[in-house]
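Trainee: I have a new model open and would like to talk it through with you. Where shall we start?

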Amino acid sequence: MTVKTILATYQEVVARKKLTPGQQKALLAAIELFAKQGYDATSTAQIASWAHISEGTIFKYYPSKEQLLLAVVELLTNDLLPQLQAEFLAKVVASDKVALPALVRVIVTDRLAFMKANQQLLRILLQEGLTKPKVRTLVSQGFSQSLKANGEVFTRFLTLVNHRHPDYEPAVIIRLILGPLVTYFSQRFILAPDLAYNEKRDIDLMVTQIVAGLS
């Protein structure tokens, strides 16, 4: 399975924005180093060196490292997330002829592969979102805006999983599906990465748990 990574498409997003060359270089270097080293382990001096610009150029546009992080997250959530979400929802809607357990398995397998391919950046979003309210707000707003941008496809998606519980709000459906995935990702790649994991068994367990919540 070929999985599109966030880093592979972030450069295209930055190129479409009306930014100065210095801003573009700073954002691209920041996201790459944040992904490789983590936010706390990356300094603005390292970002400047990686981008071949001065540290003063970074501070001209982003007064602090946190402001640079917020700029990176804003582009991720406002520009990249809708595109990635639309591609994912299209896959799910294309599987509308299968039974609910098979549909949930498509979702779990696809999203877990996406999380694994983008684990460094997703780890940053989760970790920094816990300690930085501004990051958490950007992610939340971006997710909501993304659902609105893909409203038609998302509505079709809801009809596939909501027919048994029409009283469930969209947020409930999303929580039932994403809750086990986010919990598993957090445990495996953040909290306890050194433990042994049986991915096939774990996918089976997540599918069973989600189907039970939707049935």
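Mentor: Let's begin with a term: a residue is buried when its relative accessible area is under 20%. Keep in mind, too, that this is a predicted model.

Trainee: Which residues of α6 are buried?

Mentor: Apply that cut-off of under 20% along the helix. The residues of α6 that pass are L100, L103, V104, I107, V108, D110, R111, L112, A113, F114 and M115.

Trainee: What do the buried residues of α6 pack against?

Mentor: Look for heavy atoms within 4.5 Å. The partners of these buried residues are α1 (6–16), α5, α7, α9, α10 and α11 (199–214).

Trainee: How far apart are the end C-alpha atoms of α6?

Mentor: Start from its 18 residues, at 1.5 Å a residue. The expected span agrees with the distance between the end C-alpha atoms, which is 26 Å.

Trainee: Within what arc do the buried residues of α9 fall?

Mentor: The buried residues of α9 are F154, F157, L158, L160 and V161. Seen down the helix axis, they line one face, because they fall within an arc of 155°.

Trainee: Now the largest pocket: which element gives the most to its lining?

Mentor: The pocket has a volume of about 1300 Å³. Of its 37 lining residues, the closest to the centre are M115, V139, F143, L178 and V182. Elements giving two or more residues to the lining include α6 (100–117) and α8 (133–149). The top contributor, with 11 residues, is α10.

Trainee: How many residues of that lining are nonpolar?

Mentor: Sort the lining by class: 3 residues are charged and 7 are polar. The nonpolar ones number 27.

Note on methods
Residues numbered from 1 in each chain as written. Predicted model: local features only at pLDDT ≥ 70, side-chain atom pairs only at ≥ 80, totals over all residues. Heavy atoms only, no water. 1 Å grid on protein atoms, 1.4 Å probe; cavity = no way out; pocket = protein on both sides within 12 Å on 5 of 7 lines; lining within 4 Å. Points joined across faces, edges and corners; volume = space filled by probe spheres on them. Helix = DSSP H or I, 4+ residues; strand = E, 2+ residues; numbered from the N terminus. Nonpolar A, V, L, I, M, F, W, Y, C, P; charged D, E, K, R; others polar. Expected span 1.5 Å × (residues − 1). Buried < 20%, exposed > 50% of the residue type's maximum accessible area, 1.4 Å probe, protein only. Arc of directions from axis to C-beta.
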